[in-house]
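This report describes a metal site and a surface patch in one protein model. The structure is shown first, and the description follows.

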Amino acid sequence: MRETAERKRIDSPGGIFWENIIALASTHLLGLGGIAYCVLVRCSVWTWLLAAIWMTLCMLSVSAGYHRLFAHRTYRCAQIVRIFYLLFGAASGQASILRWAADHRVHHAHTDDEKDPYNVTKGFWWAHVGWLLFRGPPVDFRTVRDLQADPWIRVQDRFYLPIAVGVGMLLPTLIAWTWGDAVGGLLIAGCLRLMVQYQITFSVNSVAHSIGKRAYSTAVSARDSWLTALITMGEGYHNYHHRFPGDYRNGFRWYHFDPSKWWVWILSKVGLAWGLKRVPAEMVRKACEAVLREKAPAEA
Ligand SMILES: [Zn+2]
Ligand SMILES: [Zn+2]
């Protein structure tokens, strides 16, 4: 019951969301501090390598884990992979799986309308970060009952903050301490990594709803762009994703840059993932043709 009261307090709508503002501002300030530390102190090359590894693990956990596995259930995987997503997804500082997936499912059900948490029709910067700075309506956990049934996901929700700080900040600090660069571990692999990751994730809600092509559906603002895909682990093929959210691929064609898709495919080849859902090529072709007919009504 304490949890319910806590959620009501956190979710009460209206007003400035100071906790988020302080968390985002301090992450960005410390991330910039990390750049200054490197310029002034010259941190170890191993620290940069650690930051790159942490970035990759965290990005995969959000894209292939939070997004494609938990929010959309586009494939199934072994418990060890789910726990990896649970740990490094929390380290990405984007809320627990339950809250993230609940928001995201509403985003898909109400894209571009008033209920969309990161509604781009309210402006690019609103979709990018503005929506996080103000308290929204209570999160509707009824949309994530399937996820609530998993005890590991409930534990992650309950202990989200210690997991986020532990895996996102303390662990890289400890690892870098072994080569004498604990400060670099915290500022570069912890804070600067998180700052960059925030900007990349925010871009999926802003840039991927503003720049690019709409080859599969013109019903929503979501767009496909290889450039956005390049920085977002493949999430930039966002028009395809909104048209076919049940597909584990966002980059539908084999040459589309979608490392999250390749990661899931590799997992399936070593027996750690299965039940990968793919939309038949024929259905994709029909969606493209419908968009072409819309764009050239005179020729129809
Ligand atoms: Zn979207
Ligand atoms: Zn989605």
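The zinc ion (ligand 1) is held by four protein donors, His107 (NE2), His209 (NE2), His238 (NE2) and His242 (NE2), at 2.1 to 2.2 Å; donors are N, O and S atoms within 2.8 Å of the metal (3.2 Å for Na, K and Ca), and water is not among the atoms, so sites may look incomplete. The model is predicted: local features need pLDDT of at least 70 and side-chain atom pairs pLDDT 80 or more, while totals for chains, interfaces and linings use all residues. Side-chain values use heavy atoms, without hydrogens and water, residues are numbered from 1 along each chain as its sequence is written, and chains are lettered from A and ligands numbered from 1 in the order written.

Along the chain, the donors follow the spacing H-x101-H-x28-H-x3-H. His209 lies in the loop between α10 (182-205) and α11, and His242 in helix α12 (residues 238-243), so this pair ties together parts 33 residues apart in sequence. Helices (H or I, at least four residues) and strands (E, at least two) are DSSP runs, numbered from the N terminus.

The table gives relative accessible areas; buried means under 20%, exposed over 50%, and partly exposed in between (1.4 Å probe, protein chains only).

| Residue | Relative accessible area | Class |
|---|---|---|
| His209 | 4% | buried |
| His242 | 11% | buried |
| Leu227 | 52% | exposed |

Leu227 is found in helix α11. The zinc ion (ligand 1) lies 6.0 Å from the zinc ion (ligand 2).
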